[in-house]
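Subject: Structure for you to look at

Dear colleague,

I am handing over the structure we talked about, and I would be glad if you kept it open while you read the notes that follow. Please check each point against the view in front of you.

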Amino acid sequence: MYRMWYTLSVGKKPKSSTGIGIQSEALKRQGKRVPAIFYRTEAGGEPVRDCLKGLLPDDRKHIGEDIKTVEFGWPIGMPVCRALGDSIYEVRTSLAQNRIARVLFYIDKKGRMVLLHGFIKKTRKTPNEELELARRNKYKHQRGLQ
């Protein structure tokens, strides 16, 4: 949907006479409402990035497109995004071979989409273990912002 416009403008560096606010100017020009960032553990790992690297390139592409849809269209609802409670949301992606991927995120106080946890669903309902892991990651991220 945004592919052509998005790829043309991402490679260009934003111009600012003062050098202040370059990132926010770039985001406004790109039209993102909530820029996505990866949650980083204290050891420096990024669970969602690691999860994505373990998938096939076509699967990564589909998940990335859905994350991009949320970045540009926030707030957005079903079928792409759904609230799970505790200010945690899920990006919902259907993959090949009847597989379903989920990326859990929250919007931090800086207005960023923090990607907390990603997984391939094996049951109809989002497993409590996956949701609890996302909650713990959210808490750790919030603690690090203070």
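The cysteine C51 has a relative accessibility of 22%, and because the partly exposed class covers values between 20% and 50%, this residue counts as partly exposed. Please bear in mind that this is a predicted model. C81, by contrast, has a relative accessibility of 2%, which is under the 20% cut-off, and therefore counts as buried. When the whole structure is searched for disulfides, zero are found.

C81 also leads us into the sheet, since it belongs to strand β2, which covers residues 81–85 and pairs with strand β3, residues 88–95, in the antiparallel sense over four bridges. Within this pairing, C81 stands opposite V91 of β3. The two strands form a hairpin with two residues between them, and in that turn D86 has a positive phi of about 55°.

On β3 you can then move across to strand β4, residues 99–107, which runs antiparallel to β3 and is joined to it by seven bridges. Two of the facing pairs may help you to find your way: L95 stands opposite R99 of β4, and T93 has A101 as its bridge partner in β4. The hairpin of β3 and β4 has three residues between the strands, and Q97 takes a positive phi near 60° there.

If you now step back to the sheet as a whole, you will find an open sheet of five strands in the order β1-β5-β4-β3-β2, with mixed pairing. β1 and β2 stand at the edges and have a single partner strand each, so one side of each is left without a neighbour in the sheet. On average, neighbouring strands of this sheet are turned by 40° against each other, with direction ignored.

The last feature is the second largest pocket, which holds about 190 Å³ of space. Its lining consists of 12 residues, and those that lie nearest the centre of the pocket are A36, F38, G64, I67 and E71. Two elements, β1 (36–38) and α4 (57–73), give two or more residues each to this lining, and α4 gives the most, with six residues. By residue type, the lining divides into eight nonpolar, one polar and three charged residues.

With best wishes

Notes
Residues numbered from 1 in each chain as written. Predicted model: local features only at pLDDT ≥ 70, side-chain atom pairs only at ≥ 80, totals over all residues. Heavy atoms only, no water. Disulfide = S-S within 2.5 Å. Buried < 20%, exposed > 50% of the residue type's maximum accessible area, 1.4 Å probe, protein only. 1 Å grid on protein atoms, 1.4 Å probe; cavity = no way out; pocket = protein on both sides within 12 Å on 5 of 7 lines; lining within 4 Å. Points joined across faces, edges and corners; volume = space filled by probe spheres on them. Nonpolar A, V, L, I, M, F, W, Y, C, P; charged D, E, K, R; others polar. Pairing = 2+ DSSP bridges. Axes fitted to C-alpha atoms, helices over the stretch in contact; angles between N-to-C directions.
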